[in-house]
Amino acid sequence: MEIAPEDQVFRLIMGYRASQAVGLAVELAIPDRVADRAKTAAQLAQATGSDEDSLHRFLRGLCALGVLTEDEQGHFGPTPLSTRLRSGQREHALARMTLSEGYAAWAELGHSVQTGKPAYELVHGLPRWEHMAGNPDAIERFNAAMAASAQVDGKALSDACDLSEISTLVDIGGGRGALMAAVLTAHPKMRGVIVDLKPGLEGAPAQLETAGVAGRCEMVVGNFFDSVPRGGNAYLLRWILHDWDDKDAARIIAVCAEAMPPNGRLLVIERLMPERFRATSDDLRLVMADLHMMVVLGGRERTEAEFRILFAAAGLKLIRKAPLLTGTWVLESVKSSTKPI
């Protein structure tokens with residue numbers, strides 16, 4: 001059924017309420033608590049330590065949003081939406097990270113639009129990375145969200161690109177190693193190197209050990225603005241460049257290019273922006289990601305043409321691109337002096 005324009009506008013204006021309701025549902029683990037059996041507001045209030053009347057009103061809101069259902073006996077049960085918000089799902093990790101870090105900053109969206117500077121710094125007094133460094137909970141939420149989506153991309157990367165001739169893959173900013181674990185599992189002869197700041201590597205040893213690939217992967221504490229380890233024949237940047245403006249993104253690519261051997265490859269996993277936008281679900285995801293980069297980090301999503309300019313500045317050329325399941329793309333570039341493959 002077609003939604004009336006006034007209802008569409010109402011949803012847009014009140015969207016902040018819905019996002020906070022979803023975030024609280026995740027924090028209270030409501031989707032997990034009703035996964036196996038529908039429960040009453042009284043049962044959920046006791047389990048979450050909430051006021052029963054207030055929680056009941058909140059649960060009705062989740063029903064209206066399609067996150068829960070309520071039967072005639074007042075039992076609240078799951079829906080396909082709540083299933084995506086359970087622990088272990090990508091959307092669960094995304095909600096825990098994005099709604100906690102971005103809500104206050106987005107309240108100052110006008111600051112970013114009018115000044116070109118990230119509102120996050122205005123709100124918190126520090127750039128996002130510096131502010132997060134002093135907040136262990138924020139670090140855990142960020143690492144969990146990145147790992148959840150990286151695991152999916154890691155499994156899809158081997159299908160999108162021929163990695164059979166790569167003996168050593170260097171994952172720059174690889175965090176917990178979810179992507180590396182998936183790639184090494186698919187390629188038993190490959191070795192890996194994960195480079196990240198110390199907080200970013202928390203959880204990586206356990207992730208790699210669980211996957212059975214710890215013996216083939218080295219972890220290096222480092223800063224990709226300064227240097228990255230030599231010795232790899234392929235370097236990977238996943239969701240790194242969109243965190244930074246063009247100047248810093250160009251510097252990161254240049255550091256990677258400097259470490260690459262003459263026949264090395266740089267694999268960049270990022271979203272690709274269209275030249276024009278329409279009112280579609282795909283375009284909405286893209287533009288909201290871009291705006292979030294602007295508000296929180298001062299970074300940006302980019303078009304293919306913009307990536308080509310960044311690669312060229314570092315003496316690289318884009319030779320192929322392929323879509324991944326998460327709506328991102330893998331962009332493969334080599335040194336401009338390399339003969340076509």
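Colleague: What makes Trp129 partly exposed, rather than buried or exposed?

Modeller: In this predicted model, Trp129 has a relative accessible area of 27%. Buried means under 20% and exposed means over 50%, so Trp129 falls in between and counts as partly exposed.

Colleague: And Phe142, how do you know whether that one is buried or exposed?

Modeller: Phe142 has a relative accessible area of 15%. The limit for buried is under 20%, so Phe142 is buried.

Colleague: Why is the pair of Trp129 and Phe142 called what it is?

Modeller: The structure holds five aromatic pairs. For Trp129 and Phe142 the ring centres are 5.4 Å apart, which is within the 6.5 Å needed for a pair. Their planes stand at 85°, and over 60 degrees counts as edge-to-face, so that is the name this pair gets. The two rings also link distant parts of the chain: Trp129 belongs to helix α10 and Phe142 to helix α11, 13 residues apart.

Colleague: What else do the aromatic residues do here?

Modeller: Phe224, Phe225 and Trp244 form one aromatic cluster. Trp239, in turn, has the charged end of Arg238 over its ring, 4.1 Å from the centre. Arg271 lies over the face of Trp239 too, at 4.8 Å from the ring centre.

Colleague: How do you know that Arg238 counts as sitting over the ring of Trp239?

Modeller: The charge has to be within 6 Å of the ring centre and within 35 degrees of the ring normal. The distance for Arg238 is 4.1 Å, so the distance condition is met.

Colleague: Let's turn to the sheet. What makes β6 and β9 the edges?

Modeller: The sheet is open, has seven strands with mixed pairing, and is ordered β6-β5-β4-β7-β8-β10-β9. β6 and β9 each have a single partner strand, so one side of each is left without a neighbour in the sheet. From one strand to the next, the twist averages 20°.

Colleague: How do you know that β7 and β8 pair?

Modeller: Five bridges run between β7 and β8, in the parallel sense. Two strands pair with at least two bridges, so β7 and β8 qualify. Within this pairing, Tyr235 stands opposite Leu266 in β8.

Colleague: What packs on the sheet?

Modeller: Helix α12 does, touching β4, β5, β6, β7 and β8, and its direction makes about 175° with that of β5. Helix α14 lies across β4, β7, β8, β9 and β10, running at about 165° to β7.

Colleague: What makes you say that β5 is mostly covered?

Modeller: Five of the six residues in β5 are buried. β5 is joined to β4 by five bridges, and the two run parallel; Val170 stands opposite Val193 in β5. β5 also pairs with β6 in the parallel sense, over five bridges, and there the bridge partner of Asp196 is Val221 in β6. The chain crosses from β5 through helix α13 to β6, and this β-α-β crossover is right-handed. β4, α12 and β5 make a right-handed β-α-β unit as well.

Colleague: One last residue: why is Thr168 called buried?

Modeller: Thr168 has a relative accessible area of 17%, and the cut-off is under 20%, so Thr168 is buried. Thr168 has its place in strand β4. Leaving aside neighbours within four places in sequence, the residues in contact with Thr168 are Arg191, Val193, Gly231, Gly232, Asn233 and Ala234.

Definitions and conventions. Residues numbered from 1 in each chain as written. Predicted model: local features only at pLDDT ≥ 70, side-chain atom pairs only at ≥ 80, totals over all residues. Heavy atoms only, no water. Phe/Tyr/Trp six-rings, centres within 6.5 Å; stacked < 30°, edge-to-face > 60°. Helix = DSSP H or I, 4+ residues; strand = E, 2+ residues; numbered from the N terminus. Buried < 20%, exposed > 50% of the residue type's maximum accessible area, 1.4 Å probe, protein only. Axes fitted to C-alpha atoms, helices over the stretch in contact; angles between N-to-C directions. Contact = heavy atoms within 4.5 Å. Right-handed = clockwise from strand over helix to strand, strands pointing away.
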